[in-house]
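Visitor: Please take a close look at one enclosed part of this model. After that, place it among other local details worth checking by eye.

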Amino acid sequence: MTSYIKFTPISGAKNEEALCYLLEIDEVKILLDCGWSDTFHVDDLTHLKKIAKQIDAVLISHSDVSHLGAYPYARSYLGMACPVYSTVPVVNMGKMCLYDMYQSKTNEMNFNTFTLEDVDNAFDKITSLRYSQPYALPGKCSGITITAYAAAHTIGGTIWKIKQDTDEIVYAVDFNHRKERHLDGTVLHSGGVVLDALTRPSLLITDALNAAVIHPARKDRYAAMFETMENTLHNSGSVLLPTDSSARVLELSFLLDQHWTTHQLPFPLIMLTNTSYHTAHFAKIMLEWMGDDLTKHFSQTRENPFEFKYLRLCHKIEDLEQYPGPKVVIASHTSLETGFARELFLRWMERVPGQVTNTLILTDRSSPGSLARTLYEDWDEKTNVILETDAPSSTRTKAPVKPAIEYDASHHLTVFRRVPLEGVELQEHEAVQRAQAEREAAQAAMIARSKTIIEDESDASDIDEADDTMEDLMTTQYDLYVRDAGRSGGFFKQAQSYRMFPYLEKRKKIDDYGEAIQVEHYMKDSDLDRIQTERQLVGEGANFGKEEETPMDIQEPLLPGRDQTPTKYIRNEQDVQVHCLLRYVDLEGLSDGRSMKTILPQIAPRKLIIIHGTKASTDDLAQACQSMDHFTKEIFTPSVGEVLNVSAATNIYRVKLTDALVSSLQFSKLDDYELARVSGRIHFPEDSTTPSLDVSVSGEPTKWEPSVFVGDVRLTEFKRLLQAEGISAEFKGEGMLVCNDQLAVRKVSNRDRHQVLMNVYRRALDSCS
C-alpha cells in the first residue's frame, strides 16, 4: 500500500542556512537533521519551535553545527522528547563540536543559550547505529525501517534510507564520492556504480550546495596550499587555517602531519581547539569508521595514524607562546566569527607597522554573512579577474587553481573580549565575594556543629539503611514523632521507632563481604607519585604526538578549567585594517557539481527534491536534471515552510481473493515480497460490499500473457548470471559491464531496458559458443 508522504523544509532551502527538514509518512513525523548557525540566535528556530513537540524521530547525518547544532536546545527548551538516531562517530564528534562551540562562546560573552549539561543530556539519548544496519522504528513509527549508509565528508557521515512498505526514501546531503586521506568515498557511488540498495528510490532528497562548483585536481590544490605555506614560513610569517573542531579537522590535520613527516619541516604545526585532546582521542579509537587504506596500514604496522608525529595539540591560546617564530595553526572555527580562529585573525591579520605579512588559508566557504564568507567572496572576485586576464575561460580545458592574493581592506567588526576587572569594579567584586564566603563559612560551621552533636548522641546501628545528608535534613521538614514506616514488626516484638529532629541514622559503608577496600591504601608510594605526576602533566600545553610524553586521562574534564581571575565581558565596534596573504583551498570534502550531475542519473529516483543551496545553484541543478534523457520530470525545489505532497499517484483497490484462486497462484520472490500473476473474474457477494476475485470459468479459453519484468535491472545481478553461464564479466569504467572483452553492457531507458539486456544476453551466449 502506498504511503501518504509530505516534505517541509524547516531551514536550508534555496539558501545555505542550517539543515533541518520535516518528513511526514502517514501520521509519523521524522526530522531530518537539526542544524543551527554558530551565532545561536533563538529567532532562527521559529519554525522548529512550532513542531518540536510533535516530532516522532530525528535522524542526524553529520557531526557539525549545521546538522546538529540545535538538537540540545530543542531537547531541553522546545519540548522535543522523541528518539534520535545517528552513527557512533556522529555522537562522539558532535558532542566535541558543541563543547568547543560552547567554550568559544563563553570565552567572549555571557553565553546562556544552552549549557554543557544540556549537551550531555541530549547526546546520552541518541541511539547509535552502524552502517548498513536496518533498524525498525518502535512505537508510533512501527512499520518504518531506517538504514544508515556511509556518506563520507565526515567520519560517521550518513546517507539515510527510510522504508515503509513499497516506499523508499533516500536522504543524501553533503556526501563525497572521492576517496580522501582518512575516509573512503560514499557507498552511494563506489567504484563508478551506485549501491543496489540505494538505486531507484521512490524519493531522493539531496542538496545543491556545490551544484555550480567545479573542483580543480586535488593534487594541484594540495600542492598550491603547501607552496603558499612554505613560502610564508620561510619569510618569517605564520599561517592560519580556520576549520571546525571535530569533523573536517581530522582530514586537514592528518594531511598536514603527513606532509611535515615526509619533508621534515622544522616549523611548529599546531591544532588549537578547546577539545583538541579528546578529538584526537576519539579519532584514535574510531579507525574502523575510516578508510580501508588507513585501517590496513594500522593492522600491518600497529601505528595509529592519529598518533601525530609533528602536530601539537593545544587547547589554550597561551600555549602558542611555547612556539615562538613562524608557525602553522589549525584553529576553530571556519566562520571566523568566534573561537580561537577569530582571535588569531585579529592578532595576525591586522595591519601593524613593522609586522611581517602572515597568511590566511580558508578551507571552507562558510555560511553567508560571516567574516570568512566575506573574505572568500573578495578573494574569488579578484582571482577571477586575474584568471580572465591571463587565460580567458573559453581557452581552459580544466578548472584552474586560483592564486593567493595580497589582501588589504578595512572591515567593520564587532569584537567581544573577556578582560580582568580593575579599580572600583574589582573592589566591588571582591566585597561581594567576601560576603558570600562569610555566609558560606557560617553555614558550614552550623552544619559542622550539628554533625558533632549528632555523632556524639547517635548509637551504633547495624541496620543497612541509606544515609541522609545533613543538607537534606536541614531542608526537610519533620513533624514531632513521625512514625518510621520503614520498619516492620516481624515475628519478634520490636520497640517502637520514631524519628526525632535532628536525628541521623548512620551505617557503616560495607559491601557484601565486609568493609569496602580502598585501593589507595594498598598502593606503593612510587605508584602514587607517578599517578600524581601524570595528572599534573595533563592540560599543560602542547602534545607532541607521543602518548608517553603527554598522557591523557579521558576521565578528566573535557574542557580546561576556567580561569578564576575576576573578569567582565566587553563589546567594541571597530574598523580593522586587514593585511595578509589570502587564499582559498577547497578542503570541504564534498562532491562538485559535475560529479553530482553524473551520479544522479545512475540513482534514477522516481522523484527528486533539491534543497540546501543558493537559489541559483538549486535552479542550475534542477535544470540540468530536467534536461537529462530518461530522468524523472518530477523535480521539486521547495522554499522554507513550503509543504510538498510527494505521495505516489497510485490508485489502490481492495478485493477479496477466494481460497480457490489463492491455491492456484504461483509466487515468485522479489526482495521481501512474493509476487504472482492473477487472472480471474470479479463478482460482488450479496453479504459483503467488498468485491471478490475468483478463478476464471473453466470453459473460457486460456489467454496467453507475455512475461512481465518486475523491479529494476541491476548490473551486479546480471554479472552473476553471466558468470554462472561461464561468461567472463567485469565492471570497467562508469557503470559499464564488459563481457569476454567483446561486449559492453550499460543501462538504458526503462522502456527498452529489458529487451536490450535480453538481446545482449543472447549475443553473449552466441559469441561464446
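Guide: The account below starts with one helix and then moves to other parts of the chain.

This is a predicted model, in which local features need pLDDT of at least 70 and side-chain atom pairs count only at pLDDT 80 or more, while totals for chains, interfaces and linings use all residues. Residues are numbered from 1 along each chain as its sequence is written, and side-chain values use heavy atoms, with hydrogens and water left out.

The part chosen is helix 8, residues 276-285. Helices (H or I, at least four residues) and strands (E, at least two) are DSSP runs, numbered from the N terminus. Eight of the 10 residues of helix 8 are buried, so the helix is largely enclosed by the rest of the structure. Buried means under 20% relative accessible area, exposed means over 50%, and partly exposed lies in between (1.4 Å probe, protein chains only). The buried residues are S276, Y277, H278, T279, A280, H281, F282 and A283. Their cover includes helix 4 (88-106), helix 7 (249-263), strand 13 (269-272) and strand 14 (311-314), where contact means heavy atoms within 4.5 Å.

Two of these covering elements, helix 7 and strand 13, are joined by a loop that holds Q264. Q264 is not a glycine, but its phi is positive, near 50°. Most residues other than glycine have a negative phi, and most peptide bonds are trans. Q264 is exposed, at 51% relative accessible area. D26 is another non-glycine residue with a positive phi, about 55°, and it sits in the loop between strand 2 (20-25) and strand 3 (28-32). With a relative accessible area of 36%, D26 counts as partly exposed. The peptide bond from S332 to H333 is cis, with omega near 20°; H333 lies in the loop between strand 15 (328-332) and helix 10 (339-348).

Helix 15 (residues 593-603) also has buried residues, namely G593, S595, M596, I599, L600 and I603. Seen down the helix axis, they fall within an arc of 140°, so they line one face of helix 15; the arc is that of the directions from the helix axis to the C-beta atoms. Strand 11 (203-207) and helix 16 (615-626) are among the elements that cover them. Just after helix 15, A604 has a positive phi of about 55°.

Aromatic side chains come last. The structure holds 18 aromatic pairs: rings of Phe, Tyr and Trp (its six-membered ring) pair if their centres lie within 6.5 Å, and planes under 30 degrees apart count as stacked, over 60 as edge-to-face and the rest as tilted. For W36 and Y73 the centres are 5.4 Å apart and the planes at 55°, so the pair is tilted. W36 lies in the loop between strand 3 and helix 1 (46-51) and Y73 in helix 3 (residues 71-77), so the pair ties together parts 37 residues apart in sequence. W36 is buried at 3% relative accessibility, as is Y73 at 13%. The rings of Y71 and F123 have centres 5.9 Å apart and planes at 80°, so that pair is edge-to-face. This pair links Y71 in helix 3 with F123 in helix 5 (residues 116-124), 52 residues apart, and both residues are buried. W36 and Y73 also belong to one aromatic cluster with F40, Y77, Y102, F111 and F114.
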